[in-house]
Amino acid sequence: HRVTRLDPLTGLAAELSNALTIFLFTVLPKLLIGFGIPVSTTHSSIGSIIGAGLASRRFLGIKGGATLKILIFWALTIPCVALISIGIFLLFSRVI
């Protein structure tokens with residue numbers, strides 16, 4: 001899905017903010033408190049692209065339909081994976 005149009009400046013902003021986010025949530029906590037925080041690089045990348053699109057042209061800079069689909073599937077991912085995990089655990093706990 002195309003979320004926004006990237007030119008060199010918005011691409012630079014998206015990539016740098018993505019790298020900074022990953023650094024701030026993984027490396028920096030590791031140095032300060034001894035462990036990093038797990039971060040989805042995919043979520044960070046899409047978030048930075050949406051942010052760059054919003055910064056460049058406000059709400060006209062992003063495609064609402066594609067962005068809405070991404071947000072819905074992000075919200076559904078954790079509960080769906082939890083249910084699948086429960087199912088697999090129950091299946092194997094009966095077999096083993």
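A helix here is a DSSP run of H or I, at least four residues long, and helices are numbered from the N terminus. With that in hand, the predicted model can be walked through helix by helix, starting with a small detail: right after helix 2 comes Arg58, whose phi is positive, near 55°.

Before helix 1 (8-33) there is a segment that holds Thr4. Is Thr4 buried or exposed? Its relative accessible area is 14%, and the cut-off for buried is under 20%, so Thr4 counts as buried. Setting aside residues within four places in sequence, the contacts of Thr4 are Ile49, Gly53, Arg57, Gly61 and Ile62. Of these, Ile49 and Gly53 are listed among the buried residues of helix 2.

Next comes helix 1 itself. How well does its length fit what a helix should span? Its 26 residues, at 1.5 Å a residue, should cover 38 Å, and the end C-alpha atoms sit 36 Å apart, so the two values agree. Helix 1 does have a kink, though: about 35°, centred on Leu24. Leu24 turns up again on the outside, as one of the residues in a nonpolar surface patch of about 990 Å². Joining Leu24 in that patch are Leu20, Phe23, Phe25, Val27, Leu31, Leu32, Ile33, Phe35 and Ile37. Leu32, which is in helix 1, has a relative accessible area of 67%. Exposed means over 50%, so Leu32 falls in that class.

Which residues of helix 1 are buried? They are Thr10, Gly11, Ala14, Asn18 and Pro29, and the buried residues of this helix pack against helix 2 (41-57). Two of them give a picture of how that packing looks. Thr10, in helix 1, has a relative accessibility of 7% and therefore counts as buried. Leaving out neighbours up to four places away in sequence, Thr10 is in contact with Arg5, Ala52 and Ser56. Asn18 is also part of helix 1; at 12% relative accessible area, Asn18 is buried too. The residues Asn18 touches, again not counting those up to four places away, are Thr41, Ser44, Ser45 and Ser48. Take Ser48 as an example: Asn18 and Ser48 are 30 residues apart along the chain, yet their C-alpha atoms are separated by just 5.7 Å.

Other positions in helix 1 are less covered. Ile22 belongs to this helix and has a relative accessible area of 21%. Since buried means under 20% and exposed over 50%, Ile22 is classed as partly exposed. Beyond four places in sequence, Ile22 touches Val27, Val39, Thr41 and Ser44. Ala66 is another story: 44 residues along the chain from Ile22, its C-alpha atom is 24 Å away from that of Ile22. Lys30, also in helix 1, is partly exposed as well, with a relative accessible area of 48%. The contacts of Lys30 outside its neighbours up to four places away are Phe35 and Gly36. Lys30 and Ala52 are 22 residues apart in sequence, and their C-alpha atoms are 28 Å apart in space.

Now for helix 2. Its 17 residues should span 24 Å at 1.5 Å a residue; the end C-alpha atoms are 24 Å apart, so this helix agrees with the expected figure. What covers its buried residues? The cover includes helix 1 and helix 3 (64-95). The residues being covered are Ser44, Ser48, Ile49, Ile50, Ala52 and Gly53. Several names on that list have come up already: Ser44 and Ser48 are contacts of Asn18, and Ala52 is a contact of Thr10.

Helix 3 rounds off the set. It has 32 residues and reaches 46 Å from its first C-alpha to its last, close to the 46 Å expected at 1.5 Å a residue. Where does helix 3 bend? The bend is at Thr77 and comes to about 35°, with a proline, Pro79, following within four residues. Ala66, Thr67 and Ile70 are buried in this helix, and the buried residues of helix 3 pack against helix 2.

Definitions and conventions
Residues numbered from 1 in each chain as written. Predicted model: local features only at pLDDT ≥ 70, side-chain atom pairs only at ≥ 80, totals over all residues. Heavy atoms only, no water. Helix = DSSP H or I, 4+ residues; strand = E, 2+ residues; numbered from the N terminus. Buried < 20%, exposed > 50% of the residue type's maximum accessible area, 1.4 Å probe, protein only. Contact = heavy atoms within 4.5 Å. Patch = residues over 30% accessible without salt bridge, like charges linked within 9 Å, V, L, I, M, F, W, Y side chains within 5 Å. Areas by Shrake-Rupley, 256 points an atom, 1.4 Å probe, with all protein chains shown as cover. Salt bridge = Lys/Arg side-chain N within 4 Å of Asp/Glu carboxyl O. Expected span 1.5 Å × (residues − 1). Bend = angle between axes of the 7 residues up to and from the residue.
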